[in-house]
Amino acid sequence: MSKYLLKYEEYRTYTEEILQKALSEMHCHTEVLQKSIDYSLMAGGKRIRPVLFLAMMETLGLDYRSERAFAVAVECIHTYSLIHDDLPSMDNDDFRRGKPSNHKVFGEANAILAGDGLLSYAFELLIGECYKGVRYVNAAKTLASAAGLQGMVAGQSADLLHSGKSVSEVGEAELQMIHFHKTANLIAAPLIMAANLAEKYEEETREFGMSLGFLFQVTDDILDETGDEREMGKTLGKDKAEGKLTCVKVYGLEKSKRLRDELTQKCLALLDKIDANTSFLKELVISLRNRNK
C-alpha cells in the first residue's frame, strides 16, 4: 500500500473511531431514531470531508486529533444531507453506499427526523467549541454557512427548480450555481475550517476547496453516465432520466472530461500557493479525478 493510501486510511480509521464515540454519546430516547441515525452515519464510505479537515489541519501544522468535534460535525451534516437527498420528495433514490436508503428501511418520517437530529447535533458540537475563541467561531461559521442558505440548501433548491428544463432554458450559469452551492461548499468547508483554526492561508484554501468541490461534482456527473452501479453503490443514470442539470447535459461527455482535467491542474497549482507539505492533498486531488465510485 502506498504512503498516500496508508495516510488516508489513518485519517479514515480515526474518523470511524470518533463517529462511533459520538454515537455512544447521543441520547435519542427512541430506539428507532437511534438505529436510523446509526444506520446512515456508520454506513462507511470514503469519509472525504472529515479526511480533508484532518489532512489540512496536519498540513498547516496542527494536531489533527485535537479538534474531534469539528470533524464529527462535518460528517454529521454530510450524512443528514444524504438522508434527505434520497427522500422521494428530493432525489428519490432507493440506494446509498450499496445499501437501501434510510427511508427505505425506517420509513420517510423517521428518515427526516434522523437527518434533523444529525443536523441539530452538529450545531450542538459547533456551539460547544465557540467558547474557545474567535478562530473557533470562524470555523463554526464556515461550516454553518456552507450547509445553509448560502450553501448546500440553496444548491438543492436550485437543483430541484431546474430539473426537467432543457439546455435552451438553463445553462452554464445555473449549472455552476448548483454545483458550487450544493456540492463544492461542503467540500471546501472542512479545508477552510482547518485554515480558520490555523489562522493562515484562509483565502488560498477557500479557492482550492471550491475548485476541488467542482472537480468532485464534474467527476460525479461523468460517472453517472459511465460508471458501474456496483462500484458506485447507488442508482446510476437517474440524473439523465430526471432531466437534472449536469455537466454532461450542458457540455457533453467529452468536454466534461476535459473540464475535469483542467480542474485537476488548477487544484494542483492552487496547492503550490500554500507554503507547506501539500503532497497528501495533491495525491488526493489525483485520486478524486481518477475515482470510479
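## Helices, core and selected residues of a predicted model

Glu283 is part of helix H15, which covers residues 279-290. The structure described here is a predicted model. With a relative accessible area of 40%, Glu283 is partly exposed. Between the C-alpha atoms of Glu283 and Arg49 the distance is 15 Å, and the two residues are 234 places apart in sequence.

Glu283 is also one of the residues touched by Tyr4. Tyr4 belongs to helix H1, residues 3-25. Once residues up to four places away in sequence are set aside, Tyr4 touches Phe280, Glu283, Leu284 and Ser287. The C-alpha atoms of Tyr4 and Leu281 are separated by 9.2 Å, although their positions lie 277 residues apart along the chain. Tyr4 has a relative accessible area of 9%, and because that value is under 20%, Tyr4 counts as buried.

Gln20 is another residue of helix H1. Its relative accessible area is 42%, so Gln20 is partly exposed. Gln20 and Met42 are 22 residues apart along the chain, and 7.6 Å separates their C-alpha atoms.

The table sets out relative accessible areas for residues discussed in this report.

| Residue | Relative accessible area | Class |
|---|---|---|
| Tyr4 | 9% | buried |
| Gln20 | 42% | partly exposed |
| Arg47 | 2% | buried |
| Tyr201 | 24% | partly exposed |
| Thr219 | 1% | buried |
| Glu283 | 40% | partly exposed |

Two helix pairs can be described by their packing. In one pair, the axes of H1 and helix H3 (residues 48-59) come within 9 Å and cross at roughly 115 degrees. An angle of this value makes H1 roughly perpendicular to H3. On the H1 side, Lys7, Tyr8, Tyr11, Arg12, Tyr14 and Thr15 make the contact, and on the H3 side Ile48, Pro50, Val51, Leu54, Ala55 and Glu58 do so. The crossing of H1 and H3 is right-handed.

The other pair consists of helix H4 (residues 68-85) and helix H8 (residues 152-162), which pack at an angle of about 20 degrees with their axes 12 Å apart. H4 is therefore roughly parallel to H8. This crossing of H4 and H8 is right-handed. From H4, the residues Ile77, Tyr80, Ser81 and Asp85 meet Met152, Val153 and Gln156 of H8.

Helix H2 has six named buried residues to consider: Leu33, Ser36, Ile37, Tyr39, Ser40 and Leu41. The buried residues of H2 pack against several elements, namely H1, H4, strand S2 (99-100), helix H5 (102-106) and helix H6 (108-130).

The loop between helix H2 (31-41) and H3 holds Arg47. Phi of Arg47 is near 55 degrees, a positive value in a residue other than glycine. Most residues other than glycine have a negative phi. Arg47 has a relative accessibility of 2% and so counts as buried. Tyr201, in the loop between H9 and H10, likewise has a phi near 55 degrees, again positive in a residue other than glycine. At a relative accessible area of 24%, Tyr201 is partly exposed.

Helix H10 comprises residues 202-226. At 1.5 Å a residue, its 25 residues should span 36 Å, and the end C-alpha atoms are 36 Å apart, which agrees. Of these 25 residues, 18 are buried, so H10 is largely enclosed by the rest of the structure. Thr219 is found in H10, and its relative accessible area of 1% puts Thr219 among the buried residues. Apart from neighbours within four places in sequence, Thr219 is in contact with Arg260, Leu288, Arg289 and Arg291.

The largest nonpolar core contains 83 residues, and those with the most contacts inside it are Phe53, Phe70, Leu143, Leu212, Phe280 and Leu284. Helix H9 (residues 172-198) supplies the largest share of this core, eleven residues. In soluble globular proteins, nonpolar side chains tend to be buried together.

What does Leu143 contact, leaving aside its neighbours within four places in sequence? Its contacts are Ala73, Val74, Ile77, Leu126, Leu186, Ala189 and Met193. One of these, Ile77, also takes part in the packing of H4 against H8. Phe280 and Leu284, listed among the core residues with the most contacts, are both touched by Tyr4.

How values were computed:
Residues are numbered from 1 along each chain as its sequence is written. This is a predicted model: local features need pLDDT of at least 70, side-chain atom pairs count only at pLDDT 80 or more; totals for chains, interfaces and linings use all residues. Side-chain values use heavy atoms; hydrogens and water are left out. A nonpolar core is a set of buried Ala, Val, Leu, Ile, Met, Phe, Trp, Tyr and Cys residues joined through side-chain atoms within 4.5 Å. Buried means under 20% relative accessible area, exposed over 50%, partly exposed in between (1.4 Å probe, protein chains only). Helices (H or I, at least four residues) and strands (E, at least two) are DSSP runs, numbered from the N terminus. Contact means heavy atoms within 4.5 Å. The expected span of a helix is 1.5 Å times one less than its number of residues. Axes are lines fitted to C-alpha atoms, for helices over the stretch in contact, and angles run from 0 to 180 degrees between N-to-C directions. Angles under 35 degrees count as roughly parallel, over 145 as roughly antiparallel, 65 to 115 as roughly perpendicular and the rest as oblique. A crossing is left-handed if the near helix is turned anticlockwise from the far one by less than a right angle, and right-handed if clockwise.
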